[in-house]
Amino acid sequence: MTCYNRNDLGLLLLRLSTGGVLAAHGAQKLFGWFGGGGLSETAKAMEAMGYTPGKPSAVATGVAEAGGGVMLALGLATPAAGAAAAGAMAGATAVHAPSGFFAAGGGYEYAASLGLAAAGLAVTGPGRLSLDSLLGHAVNRGWMVPVALAATAAGTIAVVGTRNKRVRRAAEGEQDPLFEE
């Protein structure tokens, strides 16, 4: 008989909370559940934030959040799930960064916290109360952690970098007056 320890229980709680929030976030984007706008509204919002084309950006973000969140909650393919969710939250952090840190002012606090929790789970693993453990860690090997995080980082840097260039170009020439009249 296996005795679960507090680390296993702590990882289960962290996976359920982080994964559940991410899954709900993604379901808002993909399906319009929980008061979300669904795919068409999310696509418009993605375009407005500089992530173009909007619909593929909305699908990719929704799948990374919903899929990564469900997989994190279940403790399944934890390196890939955590990396995907962290990448989506890095994109959200880039959008909110100009508003500062605190979420109350529109800042990136919430997105960064979710992303770091997801990345932390990718690194630490799901614990023994997980599908990965039940499946003998077939999709949770040590080598998968750096591969998943590196692939996600490369993709995120490319997407966010392109978005940031697009936003800067759109803002060119839009300067406040230097002197009040």
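# Reading a helical model: rings, a helix and a buried arginine

Modeller: Let's open with F101, which counts as partly exposed because its relative accessibility is 39%. Keep in mind throughout that this is a predicted model.

Biologist: And how does F102 come out, buried or exposed?

Modeller: F102 counts as exposed, since its relative accessibility is 56% and the cut-off for that label is over 50%.

Biologist: How many aromatic pairs are there?

Modeller: The count comes to four aromatic pairs. F101 and F102 form one of them.

Biologist: What do I look at when I describe such a pair?

Modeller: Two things: how far apart the ring centres are, and the angle between the ring planes. For F101 and F102, the centres are 5.0 Å apart and the planes make an angle of 80°, an edge-to-face pair.

Biologist: What about F31 and W33?

Modeller: There the centres lie 4.8 Å apart with the planes at 35°, so this pair is tilted. W33 itself is partly exposed, because its relative accessible area is 49%. Ring pairs also join F31, W33 and F34 into a cluster.

Biologist: Let me step back to the whole chain. Which helices and strands are there in the protein?

Modeller: Seven helices and zero strands. Read along the sequence, that gives α-α-α-α-α-α-α. The C-alpha trace spans about 80 × 30 × 30 Å along its principal axes.

Biologist: How many of the residues count as buried?

Modeller: The protein has 181 residues, and 36% of them count as buried. Contacts are worth a look too: among those between residues at least 6 apart in sequence, 67% join residues at least 24 apart.

Biologist: Let's take one helix, α1. How do I read its span?

Modeller: Compare the end-to-end distance with what the residue count predicts. α1 has 26 residues and reaches 36 Å from its first C-alpha to its last, close to the expected 38 Å.

Biologist: And which residues of α1 are buried?

Modeller: Start with the general idea: an α-helix has 3.6 residues a turn, so residues three or four places apart point the same way. In α1 the buried residues include D8, L11, R15, T18, G19, L22, A23 and G26. What covers the buried residues of α1 includes α2, α3, α4 and α5.

Biologist: What do I find at the two ends of α1?

Modeller: At the start, a side-chain oxygen of N5 comes within 2.9 Å of the backbone nitrogen of N7. After the helix comes G32, with a positive phi near 75°. G35 follows in the loop between α1 and α2, and G35 counts as exposed because its relative accessibility is 77%. As for distances across the model, the C-alpha atoms of G35 and A97 are 24 Å apart, with their positions 62 residues apart along the chain.

Biologist: R15 caught my eye. What is the nearest side chain of opposite charge?

Modeller: D132, at 7.3 Å. A salt bridge would need a nitrogen-oxygen distance within 4 Å, and R15, although buried, has no salt bridge.

Biologist: Which backbone atom lies 2.7 Å from a polar atom of the side chain of R15?

Modeller: The backbone oxygen of P126. R15 sits in helix α1, and its contacts beyond four places in sequence include L72, A73, L74, G75, L121, L129 and S130.

Biologist: Where does S130 lie?

Modeller: In the loop between α5 and α6. S130 counts as buried because its relative accessibility is 9%. Leaving out residues up to four places away in sequence, S130 touches R15, L74 and G75. A polar atom of its side chain is also 3.1 Å from the backbone nitrogen of S133.

Biologist: And L131, where is its place?

Modeller: In helix α6. L131 is partly exposed, since its relative accessible area is 30%. Beyond four places in sequence, L131 touches L74, G75 and L76.

Biologist: How far apart are the C-alpha atoms of L131 and K55?

Modeller: 32 Å, for two residues 76 apart along the chain.

Technical notes. Residues numbered from 1 in each chain as written. Predicted model: local features only at pLDDT ≥ 70, side-chain atom pairs only at ≥ 80, totals over all residues. Heavy atoms only, no water. Helix = DSSP H or I, 4+ residues; strand = E, 2+ residues; numbered from the N terminus. Buried < 20%, exposed > 50% of the residue type's maximum accessible area, 1.4 Å probe, protein only. Lys, Arg positive; Asp, Glu negative; His and termini not counted. Polar contact = N/O pair within 3.5 Å; in protein donor to acceptor, adjacent residues only side chain to side chain. Contact = heavy atoms within 4.5 Å. Phe/Tyr/Trp six-rings, centres within 6.5 Å; stacked < 30°, edge-to-face > 60°. Expected span 1.5 Å × (residues − 1).
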